[in-house]
Structure formats: structure tokens, C-alpha cells
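Subject: Structure for your review

Dear colleague,

Please find the structure below, together with its sequence. My notes on what was found in it follow.

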Amino acid sequence: PILSSNFTSGGVFSSSSVTVNPSTGAIDLSTATIGQHQITYTLAANSSSCIVGGTNNYNVTIFDEPKVKIDEFCDNGTLTLKASSMNSSFPDSVIYTWSDSNIITYETGSTFNVEKYLSLNPNISLPFTINVSVKGVSSGCSSSYSYDVDNNPCGFIPNGISPNDDEKNDAFDLTGLGVNK
């Protein structure tokens, strides 16, 4: 815990539901269960130093890490990824950060525009991996996930080609559109 400047030290931290360091109040998260836990701080009276003594209780909530699912959808022909909470695991409002393997942040928010990312990075092509980090605003809980974008099911497949250098249907390129046959 972060103790105030007028905190009277010398007491003992304890809890019946979570392992806590008796002198510092630090919780052992490796053995803690998700949920709310009551921590008690007991300070013995000491008449020689004018300490009255007493007991104070406070509650601590331990959250599970936010678990994310990522779905692909087409938005007006544009491939978009959407991150959302899996099993309602977000403890509060979250901040999303999308980045690539170079840890360059491209977008924040729950959605990621694949077309925009590819247009800003002409040296990257399908397939590629994108990462999303999710951090709780008030809880500080965070986790990171990777997602492989294998193809673009939203892409436009032309009916034919007209190779006349007018930049419209001059080539029949199906790269990244998930076409197998």
C-alpha cells in the first residue's frame, strides 16, 4: 500500500483471505484469488510514546488480467479488427494501443483499420502480425495480445482486367484476398 505521511508505523497487517506481508502490507499476488479482500492494520497501544492504538480495515479488489478477443469485420469494404472483452474480464474502462513488431503505435481505441495501416506502411504486406495492449484506466491491470492478419476478405475482386494503363483493372492481383482457387 501507499501509506500517507502521517501513517503510524509499527503495527501489523493481516488478512484472512489473502497472504499479506505483516510489516509492509504488500499482497502476495502469486497466491491471491480474484475478488475483494479485507486487510486489517492493527497498532498496539504504547503509553510511553503516546500511541493510542487501534485497528483499521480496508478492502482491496484483485482483478483478473483483461482478456481480449479480436474479431475481423468489413466496414464499407475496409478490413477492420475489433478488440473486445472476453467473458466480461475488463474491470473498468480500458485503453487500447495497437502496435506492430517494431512497437510503433498506429491507433488507439477498440478498432484497428488494416487498410490504413497497410497504406501507411507500403513495405508491409499480408500476412502480418499486429499487437493490441489493453490497460484498465483505474485498475492499471493490463495485458497484450497478438493477432495474425492472414488475408483481406473485404477486398474487391474484379470481374476482369483491362490492361490499357488507365490505372483501373490494369492487373489481376489477388494477393492478400484469401483466394485459394
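In these notes a residue is called buried when its relative accessible area is under 20%, exposed when it is over 50%, and partly exposed in between, with a 1.4 Å probe and protein chains only. This is a predicted model, in which local features need a pLDDT of at least 70 and side-chain atom pairs count only at pLDDT 80 or more, while totals for chains, interfaces and linings use all residues. Residues are numbered from 1 along each chain as its sequence is written, and side-chain values use heavy atoms, with hydrogens and water left out.

Confidence

The predictor's confidence in each residue, pLDDT, runs from 0 to 100. Its mean over the chain is 84, and 87% of the residues reach 70 or more. Helices (H or I, at least four residues) and strands (E, at least two) are DSSP runs numbered from the N terminus. On that basis, strand 1 (residues 12-14) has the highest confidence in the chain, at a mean of 96, and strand 7 (residues 105-108) the lowest, at 72. Where pLDDT is low, the predicted coordinates should not be read in detail.

The sheet 4-5-8

Two strands are taken to pair if DSSP finds at least two bridges between them. An open sheet of three strands has the order 4-5-8, with antiparallel pairing. Strand 4 and strand 8 (111-113) stand at its edges with a single partner strand each, so one side of each has no neighbour in the sheet. On average, neighbouring strands of this sheet are turned by 25 degrees against each other, direction ignored; the axes behind such angles are lines fitted to C-alpha atoms, for helices over the stretch in contact, and angles run from 0 to 180 degrees between N-to-C directions.

Strand 4 (residues 68-75) and strand 5 (residues 78-85) are joined by eight bridges. V68 has S85 as its bridge partner, and D75 stands opposite T78. These two strands form a hairpin with two residues between them. In its turn, N76 has a positive phi of about 55 degrees although it is not a glycine. N76 counts as exposed, at 77% relative accessibility.

On the other side of the pairing, three bridges join strand 5 to strand 8. There T80 stands opposite N113, and L81 stands opposite F112.

Nonpolar cores

A nonpolar core is a set of buried Ala, Val, Leu, Ile, Met, Phe, Trp, Tyr and Cys residues joined through side-chain atoms within 4.5 Å. The largest one has 19 residues, and those with the most contacts inside it are L81, W98, V114, F128, I130, V132 and V149. Strand 4, strand 5, strand 6 (94-99), helix 1 (114-120) and strand 9 each supply at least two of its residues. Strand 9 gives the most, with four residues. Apart from this core lies another, of eight residues, among them V18, A32, I39 and L43.

Contact here means heavy atoms within 4.5 Å. Not counting residues up to four places away in sequence, L81 touches, among others, I70, F73, W98, F112, V114, I130 and V149.

The disulfide

A pair of cysteine sulfur atoms within 2.5 Å is counted as a disulfide, and by this rule there is one. C74 is joined to C154, with an S to S distance of 1.9 Å. The link is left-handed, with -90 degrees about the S-S bond. C74 lies in strand 4 and C154 in the segment after strand 10 (142-149), so the pair ties together parts that are 80 residues apart in sequence. C74 is partly exposed, at 44% relative accessibility, whereas C154 is buried, at 10%.

Backbone and strand 9

Most residues other than glycine have a negative phi, and most peptide bonds are trans. C50, which is not a glycine, has a positive phi of about 60 degrees. This residue is in the loop between strand 2 (35-43) and strand 3 (54-62) and is exposed, at 68% relative accessibility. The peptide bond from L126 to P127 is cis, with omega near -5 degrees; P127 is in the loop between helix 1 and strand 9.

K135 is found in strand 9 (residues 128-136) and is partly exposed, with a relative accessible area of 45%. K135 and V94 are 41 residues apart in sequence, yet their C-alpha atoms are 5.2 Å apart in space. Beyond four places in sequence, K135 touches S93, V94, I95, G140, C141 and S142.

With kind regards
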